[in-house]
Structures are given as C-alpha cells and as structure tokens.
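Me: Hi! Could you walk me through some side-chain pairs and helix contacts once you have the model open?

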Amino acid sequence: MEPTVELQDLTKRYRSTVAVRSLSLQVEPGAILGLVGPNGAGKTTLLNMMAGLLEPSEGSVRLFGRTYAEAGNDIRALTGVMRDDPGLYESLSGSEHLSFTGLAYGLDPAEVAERSREALAFMDLEGAAGETVSTYSAGMRKKLALACILLHQPRLVLLDEPFATLDPEAALQVEELLRRLSSGGATVVLSSHVLDRVDRLCSELAFINKGELILRGPPEELRARGAEGKEAGTLEELYMDLVAPEGERRGLSWL
C-alpha cells in the first residue's frame, strides 16, 4: 500500500537558522502520527511544509504519491489543515463558516447543510451556530476550525496543537473523532505537548528536537525501549531523557 506521506531528506532554512534538518519519514494510511518535541523543535515548520504552506529548502514532500508541484490542487482537495491559530473570520457565525468552507470545496449545498448540522451537533456547537465567532471562546473556535477542515472528508489531516485550549470533555470528543477518521482509513499527523493524550491516541510517535527526527515508533515500544536503551516508565520521562538529558536540565538555583 502506498504511503500517504513521504518526506525525503527534508530541510528548511531561515537564513542562518535550520528549522528542519534532513528529515525523512513515511506515514501509512490509517495511522495517527504524533509529532512530539519542545518549542522551537521544528514541528510546526514540518507540518507547514506537509501542508504546502512552506517551500522546503531541500528535499521533497510527496502526499498520495505526488508532490505539490505535480498535483497541488488534487492534494489540497484530499487534505485538511488546522494551524495552532485557526484564523477564523470574526464577523461570520459558526454556520456561515461551515457553509462557506463546504461550498469552497465544491460540495453540493444540500450536502453542506447536512454535514454542517452533524458537525455542529458532534462538537456541541448547535447552540452557538448562529452567533458570530467574535463571541466564541478559544475552545469553541478550535472545535469550529476542526469541523471546517473535516467537512469535505479529507484523507489526510494535519493538526498543529489540536488539544490546546480544549477542556477535558472537548478533548475527548476530538480524540474520538480522530480515531473514527483513522478507522475509516484517513491518515492523521498532529503535533502536541499533551503527552498523556498522544500516548493514548497515536499509533506512532516521532520525537523531533532541533529540527531532527531523533526517535520514532509505537508509544508502548518507545516507553519500553527508553532513551539509549534505558527503560522509561512514562512517556514524559522518555521525553525528558531525549530532549533534555539530566546533565543539561536547568536548575532552580535562581529562586
């Protein structure tokens, strides 16, 4: 089966800064891959290159077997992208956002209406469907943005910090939704600092630090394997061993 995502020797430079360095990985259909790493590790840059929002300095991004140069519009029609800041229109209501999104993707108006109703119900946004986004909380905005990017039923979903600002109930709803997508054959790639949630949700994790892929595998195998062969009891302990070895951790002597 052809991988949904193929990254080959991917590098992104910003003048003298290398945000992503010679990174290669493949993601299979139905997988949920979690990108884990500290702030500034290169996770968002990596997602933006996968989404076609940034041009790589070197290397290639192939989605569904093709590059953006070969089939950009076809790839975008199969992909849903949610950035950390969703960038919604403040003066539009929730329903108007969904209608606008569905029609922009070329869906039939009746189909847009039906899918919008289902999405609003699932995200517990029915009561706020007619209110403008300017009145929405951060969590409501995140749920609406997610509903919008899934309206056209993409086969690849790219999410930057999807659980940030969500309360526990909403986060569980999003978990359930992503599992449904995966079970239906869609591929999900997400970044998150919520380690217990990605541990539960993701079929694979990729640890990114200083722009490099340093470890990858199923969560249960990574916990058992640990950093440098040392068994790690939790994903958090493994994270700390990988991105901030004990000798490099900052103390509290300044307090």
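**Contacts, helix packing and salt bridges**

Me: Glad to have this predicted model to look at. Leaving aside neighbours within four places in sequence, which residues is A77 in contact with?
Reply: Happy to start there, and do keep in mind that the model is predicted. A77 is found in helix α2, residues 68–77. Setting aside neighbours within four places in sequence, the contacts of A77 are Y105 and H152.

Me: Is A77 buried, partly exposed or exposed?
Reply: The relative accessibility of A77 is 40%. Buried would need a value under 20% and exposed one over 50%. A77 therefore counts as partly exposed.

Me: What distance separates the C-alpha atoms of A77 and G106?
Reply: Along the chain, A77 and G106 are 29 residues apart. In space, their C-alpha atoms are separated by 9.7 Å.

Me: On to the helices: how are α5 and α6 oriented to each other?
Reply: Helix α5 covers residues 138–150, and its packing angle with α6 is about 15 degrees, with the axes 12 Å apart. Angles under 35 degrees count as roughly parallel. α5 and α6 are therefore roughly parallel.

Me: Which hand does the crossing of α5 and α6 have, and how many nonpolar residues does the contact have?
Reply: The crossing of α5 past α6 is left-handed. K143, L146 and L150 of α5 make the contact with A170, Q173, V174, L177 and L181 of α6. By class, the contact of α5 with α6 has one charged and one polar residue, and its nonpolar residues number six.

Me: And which orientation class describes α3 and α4?
Reply: Helix α3 (residues 94–104) packs with helix α4 (residues 109–122) at an angle of about 135 degrees, their axes being 9 Å apart. An angle over 145 would count as roughly antiparallel, and 65 to 115 as roughly perpendicular. α3 is therefore oblique to α4.

Me: How many charged residues are in the contact of α3 with α4?
Reply: α3 passes α4 in a right-handed crossing. On the α3 side are S95, L98, S99, G102 and L103, and on the α4 side P109, V112, S116 and L120. These divide into five nonpolar and four polar residues, and the charged ones number zero, as there are no charged residues.

Me: Now for charge pairing: how many salt bridges does the structure hold?
Reply: Side chains of opposite charge can pair when their charged atoms come close. The count of salt bridges in this structure is 13.

Me: How many residues apart are R21 and E212?
Reply: R21 and E212 meet through their side chains in a salt bridge of 3.4 Å, N to O. The pair links distant parts of the chain, with R21 in strand β2 (residues 17–27) and E212 in strand β9 (residues 212–217). R21 is partly exposed at 39%, and E212 is partly exposed at 34%. Along the chain, R21 and E212 are 191 residues apart.

Me: Which residues are joined into one network with E175?
Reply: E175 forms a salt bridge with R197, the closest N and O atoms being 2.3 Å apart. R197 lies in helix α7 (residues 195–201) and E175 in helix α6 (residues 168–183). Both are buried, R197 with a relative accessible area of 12% and E175 with 1%. Through salt bridges that share partners, E175 is joined into one network with R179, R197 and R200.

Technical notes: Residues are numbered from 1 along each chain as its sequence is written. This is a predicted model: local features need pLDDT of at least 70, side-chain atom pairs count only at pLDDT 80 or more; totals for chains, interfaces and linings use all residues. Side-chain values use heavy atoms; hydrogens and water are left out. A salt bridge is a side-chain nitrogen of Lys or Arg within 4 Å of a carboxyl oxygen of Asp or Glu. Helices (H or I, at least four residues) and strands (E, at least two) are DSSP runs, numbered from the N terminus. Buried means under 20% relative accessible area, exposed over 50%, partly exposed in between (1.4 Å probe, protein chains only). Axes are lines fitted to C-alpha atoms, for helices over the stretch in contact, and angles run from 0 to 180 degrees between N-to-C directions. A crossing is left-handed if the near helix is turned anticlockwise from the far one by less than a right angle, and right-handed if clockwise. Contact means heavy atoms within 4.5 Å. Ala, Val, Leu, Ile, Met, Phe, Trp, Tyr, Cys and Pro count as nonpolar, Asp, Glu, Lys and Arg as charged, and the others, Gly among them, as polar.
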